[in-house]
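Reader: I've got a new model on my screen and would like a guided tour. Let's take it one question at a time.

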Amino acid sequence: MKPEDLTRLFVERANAGDAAGLAALYEDEAVMAYPPGGVTVGREAIRRLWEKVLGNAPRFEPERPLPTLVCGDIALTSTPPKDGSGARAQVVRRQADGSWLRVIDQPEFRTPEN
């Protein structure tokens, strides 16, 4: 019931190989900046993407979240990757039932190369 819960739930569901459970963390028309250099739009497309990614059985580790910024029913959550490379950020929206779902997901920020 807090925006920060989405990061924990993401790690739990990803490590369980639950692509549908991961997709359920996103609004129907959510936008995800992944795969690198691309964009995936919509919960169903996000589910299909995670099915492919999870087919390789990656292991996700929890990352300590940075402070969440909340403005009404919108929040910005972020985590620095444990390897220190870049950052991750998500815009989330409070739902009618009080839960939060991802609207925009930027899972990898990298320093631009010149």
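**The pocket and the fold around it**

Reader: Which strand gives the largest share of the lining of the largest pocket?

Author: A pocket here is an open set of points on a 1 Å grid over the protein atoms alone where a 1.4 Å probe fits, with protein on both sides within 12 Å along at least five of seven lines, and lining residues have an atom within 4 Å of a point. Five residues make up that largest share of the lining, and they come from strand 6.

Reader: Before we go on, what kind of model is this?

Author: Residues are numbered from 1 along each chain as its sequence is written, and side-chain values use heavy atoms, with hydrogens and water left out. Local features need pLDDT of at least 70, side-chain atom pairs count only at pLDDT 80 or more, totals for chains, interfaces and linings use all residues, and the model itself is predicted.

Reader: What volume does the largest pocket have?

Author: Helix 1, strand 1, helix 3, strand 5 and strand 6 each put at least two residues into its lining. Of the 26 lining residues, Phe-10, Phe-60, Glu-63, Arg-88 and Pro-107 lie nearest the centre. A volume is the space filled by probe spheres set on the grid points, which are joined across faces, edges and corners. For the largest pocket that gives about 490 Å³.

Reader: How many charged residues are in that lining?

Author: Ala, Val, Leu, Ile, Met, Phe, Trp, Tyr, Cys and Pro count as nonpolar, Asp, Glu, Lys and Arg as charged, and the others, Gly among them, as polar. The lining of the largest pocket splits into 13 nonpolar residues, four polar ones and, for the charged class, nine.

Reader: In what pattern do the helices and strands follow along the sequence?

Author: Helices (H or I, at least four residues) and strands (E, at least two) are DSSP runs, numbered from the N terminus. The chain has three helices and six strands. Reading along the sequence, you get α-α-β-β-α-β-β-β-β.

Reader: What is the order of the strands in the sheet?

Author: Two strands pair if DSSP finds at least two bridges between them. Strand 2 (40-41) and strand 3 (69-71) each have a single partner strand, so one side of each has no neighbour in the sheet and they stand at the edges. The six strands make an open sheet with mixed pairing, in the order 2-1-6-5-4-3.

Reader: Strand 1 and strand 6, strand 5 and strand 6: how many bridges join the second pair?

Author: Strand 1 runs parallel to strand 6 with three bridges, and Met-32 has Asp-105 as its bridge partner there. Strand 5 and strand 6 run antiparallel, with Ala-89 opposite Gln-106. The number of bridges joining strand 5 to strand 6 is seven.

Reader: Which residue in the turn between strand 3 and strand 4 has a positive phi?

Author: Strand 3 pairs with strand 4 (residues 74-79) in the antiparallel sense over three bridges. Leu-69 stands opposite Leu-76, and Cys-71 has Ile-74 as its bridge partner. The two strands form a hairpin with two residues between them, and the one with a positive phi of about 65° is Gly-72.

Reader: At what angle does helix 1 run to strand 6?

Author: Axes are lines fitted to C-alpha atoms, for helices over the stretch in contact (heavy atoms within 4.5 Å). Angles run from 0 to 180 degrees between N-to-C directions. Helix 1 (residues 5-15) lies across strand 1 (26-32), strand 4, strand 5 (87-94) and strand 6 (100-109). To strand 6, its angle is about 70°.

Reader: Phe-60 came up at the pocket; what separates its C-alpha atom from that of Glu-12?

Author: Phe-60 is in the loop between helix 3 and strand 3. Leaving aside neighbours within four places in sequence, Phe-60 contacts Phe-10, Val-11, Ala-14, Asn-15, Trp-50 and Leu-54. Phe-60 and Glu-12 are 48 residues apart along the chain, yet the separation of their C-alpha atoms is 8.3 Å.

Reader: Which peptide bond is cis?

Author: Most peptide bonds are trans. The exception to look up has omega near 5° and leads into the loop between strand 1 and strand 2, where Pro-35 lies. That cis bond runs from Tyr-34 to Pro-35.
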